[in-house]
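This report describes the fold of one protein, from its overall dimensions to selected residues. The sequence and the structure are shown first.

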Amino acid sequence: MNATRRTALAALGGGLVAAALDLGAAAQPALIRKPIPSSGEMIPVIGLGSARRYEDAKTEEDIGPLRETFRQFQAMGGTVLDTSPTYGVAEPVMGGLMADLNIRPSMFVCTKVAVDNKEQGREQIEQSFRNLRTNRIDLIAVHNLRDISNELATLRELKAAGRIRYVGATTSFDRQYEAFEAMMRREALDSIQIDYALDNRNAAERIIPLARDRGMAVFINLPFGRGSVFRATQGKPLPDWAAEIDCTSWAQVMLKYIVSHEAVTCAIPGMAQARYVDDNLKAAQGRMPDAALRRRMEQYIDGL
């Protein structure tokens with residue numbers, strides 16, 4: 001066989017492999033997406049969080065399962081990754097995984113700033129760029145209201161310079177809700193991140209509706225209620241109504257309740273195993289509960 005023919009066959013073989021990969025990707029059901037109000041950009045309603053599960057990942061034994069988690073997340077169409085410099089080594093681990101898998105261009109990367117003064121904030125943010133191995137971060141949020149005015153000013157400068165795309169703020173504590181609501185009323189933000197779960201619905205009373213009225217995307221942390229909903233439902237079969245929204249697990253029930261709220265943009269459960277990605281991202285597919293079924297879901301969990 002001459003060199004020209006070998007080259008042609010090799011190219012054909014590569015094309016067939018690429019086509020097979022494309023067919024595999026096409027066979028994957030599309031994830032439901034919602035818009036970021038300030039831009040209209042559409043993102044999947046389920047993202048991947050890194051609190052706790054990525055904080056101490058320092059050896060290949062630790063990182064190997066996380067690499068497979070990222071691989072599955074990207075293969076299923078996931079894009080939203082959430083981390084923080086306060087989550088141990090989660091930022092550099094996530095940056096390394098994106099580099100290893102060459103997936104940074106397709107990811108929507110979110111991190112936070114959590115410091116006590118403007119100088120510390122600039123230093124932490126620059127370290128986040130290095131940790132995440134990127135020259136542009138999609139969203140940086142001020143974490144738990146720390147040094148909120150100074151840090152928002154810095155983030156707006158970075159957004160104007162094109163280094164970040166969106167500015168936000170976060171909390172996961174009821175005791176901060178009053179101050180958080182006041183901040184939301186006085187500040188123009190692209191997004192907020194708040195705790196909300198089937199058994200923790202306080203944020204839906206004022207915070208989430210206010211975000212809708214103010215044109216802010218809503219990202220949800222602690223979507224499983226710090227594990228409380230799993231403990232409450234452990235060993236219990238799925239109710240009949242779960243099939244009406246194409247749910248085959250309790251995780252999907254809990255996540256579909258959250259992302260079916262009209263003002264919620266994206267829930268970000270922690271995921272450190274590929275099997276959890278497969279389960280959780282199915283909550284971004286199929287039918288969603290309407291208002292009547294959402295009430296039934298609340299009544300069910302309240303009755304446990």
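In this predicted model, the protein carries 38 positive and 37 negative side chains. The centres of these two sets of charges lie 3 Å apart. The accessible surface amounts to about 13900 Å², and carbon and sulfur atoms contribute 51% of that area.

**Overall architecture**

The secondary structure of the protein consists of 11 helices and 10 strands. Its radius of gyration is 21 Å, close to the 19 Å that the globule rule gives for 304 residues, and the protein is therefore as compact as a globular protein of that length. Taken along the principal axes, the box filled by the C-alpha atoms measures roughly 75 × 55 × 40 Å. Of the 304 residues, 51% count as buried. Among contacts with a sequence separation of 6 or more, 76% are between residues 24 or more positions apart.

**The sheet**

Eight strands form an open sheet with parallel pairing, in the order β3-β4-β5-β6-β7-β8-β9-β10. The edges are occupied by β3 (48-49) and β10, each of which has a single partner strand, so one side of each is left without a neighbour in the sheet.

Within this order, strand β6 (residues 137-142) runs parallel to β7 and is joined to β7 by 5 bridges. V142 stands opposite A169 of β7. Strand β7 (residues 164-170) has 6 of its 7 residues buried, so this strand is largely enclosed by the rest of the structure.

Further along the sheet, strand β8 (residues 191-195) pairs with β9 in the parallel sense, again through 5 bridges. Two positions illustrate the register of this pair: Q193 stands opposite F219, and the bridge partner of I194 is I220. Strand β9 is mostly covered, with 5 of its 5 residues buried. A217, F219 and N221 point one way from β9, whereas V218 and I220 point the other way. Both sets are buried, so a residue of β9 on either side has under 20% relative accessible area.

**Helix α9 and its surroundings**

Which residues of α9 are buried? They are W250, A251, Q252, V253, M254, L255, K256, Y257, I258 and V259. Because 10 of the 10 residues of this helix (residues 250-259) are buried, α9 is largely enclosed by the rest of the structure. The cover over these residues includes three strands and three helices, namely β1 (33-35), β9 (217-221), β10 (266-267), α8 (228-233), α10 (274-281) and α11 (291-302). Strand β9 thus appears both in the cover of α9 and in the pairing with β8.

**Selected residues**

Two aspartates in loops have positive phi values. D147, in the loop between β6 and α5 (148-160), has a phi of about 50 degrees although this residue is not a glycine. D246 is located in the loop between α8 and α9, and its phi is near 60 degrees, a positive value in a residue other than glycine. The relative accessibility of D246 is 35%, so this residue counts as partly exposed, a class that lies between the 20% and 50% limits.

Two threonines are also described here. T134 occupies the loop between α4 (118-132) and β6. Not counting residues up to four places away in sequence, T134 touches R104 and F129. T154 lies in helix α5. With the same exclusion of residues up to four places away in sequence, T154 touches K118, R122 and I125. T154 is also 100 residues away from Y54 in sequence, and their C-alpha atoms are 27 Å apart in space.

The table lists the relative accessibility of three of these residues.

| Residue | Location | Relative accessibility | Class |
|---|---|---|---|
| T134 | loop between α4 and β6 | 14% | buried |
| T154 | helix α5 | 1% | buried |
| D246 | loop between α8 and α9 | 35% | partly exposed |

Notes: Residues numbered from 1 in each chain as written. Predicted model: local features only at pLDDT ≥ 70, side-chain atom pairs only at ≥ 80, totals over all residues. Heavy atoms only, no water. Buried < 20%, exposed > 50% of the residue type's maximum accessible area, 1.4 Å probe, protein only. Helix = DSSP H or I, 4+ residues; strand = E, 2+ residues; numbered from the N terminus. Contact = heavy atoms within 4.5 Å. Rg over C-alpha atoms; globule rule 2.2 N^0.38 Å. Areas by Shrake-Rupley, 256 points an atom, 1.4 Å probe, with all protein chains shown as cover. Lys, Arg positive; Asp, Glu negative; His and termini not counted. Charge placed at Lys NZ, Arg CZ, Asp CG, Glu CD. Pairing = 2+ DSSP bridges.
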